[in-house]
Each structure stands twice: as structure tokens, then as C-alpha cells.
Amino acid sequence: MITRLPEKHITIAGIDKIVPTLKDALHVIESAEMFLGVIGTYISFIRGPSRTGDVQGITTIPMHGAKEVHLVLVDDWRSKIIGSDFEDILYCMNCSGCFFSCPISFEAVISFGKAFKGGVGIVKTAFMYGLEEAVAAGLFMCTECGSCKQNCPGEIDIPSMIEKLRVEAIEKGLVMPPHEAIVKSIKENNNPLERPKEERQAWFES
Ligand code: SF4
Ligand code: SF4
């Protein structure tokens with residue numbers, strides 16, 4: 001009904017939502033349903049203002065739906081990752097499989113990712129808002145358990161993308177404050193425990 005009642009139907013979608021064939025589109029719907037655990041009752045195919053030839057064989061536009069149909073395709077960060085180690089993220093269909101299977105984003109019920117949640121949210125955050133935001137949104141909280149990849153219908157290798165983003169973040173000096181202290185201690189004390197070896201020894205012996 002919401003596509004039929006308005007006079008103008010405007011759809012805004014990322015370019016990654018385009019698939020080569022109608023059959024592929026049905027696969028996307030099936031996979032998303034399977035992983036979301038919901039079954040759609042019906043699907044509407046909209047290819048422009050509705051039309052009919054039922055009335056005396058004369059093509060009549062519009063018939064039951066909007067008079068105008070517009071599609072706005074958004075690129076934003078998407079095309080710049082084509083050809084990179086992260087391009088598989090464009091296969092993401094936002095089914096939430098990685099979110100519900102992630103021990104950090106779901107079971108710990110914390111904000112993990114900015115615009116999108118779950119492991120894929122961290123990766124998308126890095127491209128949408130920058131690495132700094134990805135670090136703030138939990139880049140270093142990932143346990144690298146691999147559950148997101150296992151539960152993704154496209155087997156998108158999110159853990160290895162997170163690992164690569166971490167390397168990039170560290171190279172840019174973007175680490176979480178507790179990690180900074182650990183790195184400092186390793187450099188100064190040759191251990192991560194934030195106190196010199198002799199001091200620790202004395203503490204154990206006391
Ligand atoms: S690898 Fe990281 S993002 Fe993926 S499920 Fe495990 S903790 Fe979550
Ligand atoms: S990365 Fe995979 S599991 Fe996560 S939302 Fe995208 S398609 Fe679903």
C-alpha cells in the first residue's frame with residue numbers, strides 16, 4: 001500500500017543493491033529471509049508507474065500506483081572499495097546474521113559499529129566515517145572468533161577485514177587508551193603489566 005498510495009514513489013538505495021538479474025534478486029530475498037528468520041508474504045516488482053492494457057487494450061498509465069517512480073542511487077563510499085581487500089562488503093545484504101551471531105555486538109549488547117551494527121558495521125563505519133570512528137565504535141573489541149563469517153550467507157570474511165583495519169589504525173597511531181598503556185609498558189618495561197620486572201619481583205616476594 002505504501003508504494004501505491006503516494007503520487008510520487010521515491011526510492012533511495014546504495015549502488016551495491018543492484019544485482020545482475022531478477023533471479024539474483026530473488027536469491028537475495030530468499031537468503032535474507034532465511035537468515036532473518038522471517039518469511040515475506042508477498043513481493044512487489046516495481047518497474048515504473050503502474051500500467052495496464054486491460055481496459056479495451058489501451059495502455060493506461062498510471063493505473064493502481066504512483067504517477068511517478070524515481071530511483072536515487074547512492075555511491076558515497078562504495079565504488080572506492082571496488083578492487084580493494086574490502087570489496088566483498090558490497091555483497092552484504094544487511095540480513096543481520098553477523099550481528100546476531102557476534103559475541104560482542106549481540107550478547108554483550110553494546111554499540112558495535114556506528115551506522116550499522118555487528119562486525120560488518122565496524123567495516124562499514126571505517127569507510128563511511130573514517131578509521132577514527134571505527135576505533136571508537138569498537139574496532140579493537142572484536143575477538144576474531146569468526147562467528148560472523150560462519151553465519152553470513154555470503155561468507156564475507158569480516159574478521160580478516162577487521163584485522164586489516166586494525167593494522168591500518170595502529171599504523172596511524174589510532175589505538176584505544178588501554179592499549180596505549182600496554183604498548184608503552186612493553187617499550188619501557190619489556191612487559192605489558194605496566195611496572196618494571198624488578199618491582200613486580202619485589203611485590204611477589206613481599
Ligand atoms: S570475529 Fe569479531 S565481529 Fe565477527 S563475530 Fe567474532 S567478535 Fe564479532
Ligand atoms: S555481512 Fe553477511 S551476515 Fe552480516 S549483514 Fe551482511 S550479509 Fe548479513
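In the predicted model, Ser84 counts as exposed, because 12 C-beta neighbours lie inside 10 Å of this residue and a residue with 12 or fewer such neighbours is classed as exposed. Ser84 is placed in the loop between β2 and α2. Its C-alpha atom is separated by 32 Å from that of Ile10, and the two residues are 74 residues apart along the chain. A second exposed position is provided by Asp24, which is so classed because it has 11 C-beta neighbours inside 10 Å. Asp24 belongs to helix α1. Between the C-alpha atoms of Asp24 and Ile43 the separation is 14 Å, with these positions 19 residues apart in terms of chain numbering.

The protein chain is assigned two domains, namely domain 1 (1-74) and domain 2 (76-175). Taken over C-alpha atoms, the centres of domain 1 and domain 2 are separated by 30 Å. Nine residues from domain 1 and nine residues from domain 2 take part in the contact. On the side of domain 1 that touches domain 2, the largest share is contributed by α1, with five residues. By class, this side of domain 1 consists of six nonpolar residues, two polar residues and one charged residue.

The strands β1 (residues 8-14) and β2 (residues 68-74) run parallel and are joined by seven bridges. From β1 the chain passes through helix α1 (residues 22-36) to reach β2, and the resulting β-α-β crossover is right-handed. Individual pairings can be named along the two strands. Thr11 stands opposite Leu71 in β2, and Ala13 stands opposite Leu73 in β2. In a regular strand, side chains point alternately to the two faces of the sheet. With regard to burial, β2 is hardly covered, as the count of buried residues among its seven residues is zero. A residue would need 20 or more other C-beta atoms within 10 Å of its own to be counted as buried.

Two ligands were examined in terms of the residues that surround them. Around ligand 1 there are 15 residues, of which Cys102, Gly119, Cys142, Cys145 and Cys148 come nearest. At least two residues of this shell are supplied by each of α3 (103-107), α6 (147-150) and α7 (158-171). The most is given by α7, which contributes three residues to the shell around ligand 1. In terms of class, the shell around ligand 1 comprises nine nonpolar residues, five polar residues and one charged residue.

Ligand 2 is surrounded by 14 residues, and those that come nearest are Cys92, Cys95, Gly97, Cys98 and Cys152. The elements giving two or more residues to the shell around ligand 2 are α2 (97-101) and α4 (118-129). When divided by class, the shell around ligand 2 contains eight nonpolar and six polar residues, and no charged residues. The shell around ligand 1, by contrast, includes one charged residue.

Key:
Residues numbered from 1 in each chain as written. Chains lettered and ligands numbered in written order. Predicted model: local features only at pLDDT ≥ 70, side-chain atom pairs only at ≥ 80, totals over all residues. Near = placed C-beta within 6 Å. Helix = DSSP H or I, 4+ residues; strand = E, 2+ residues; numbered from the N terminus. Nonpolar A, V, L, I, M, F, W, Y, C, P; charged D, E, K, R; others polar. Pairing = 2+ DSSP bridges. Right-handed = clockwise from strand over helix to strand, strands pointing away. Domains from an automatic or database assignment. Contact = placed C-beta atoms within 7 Å.
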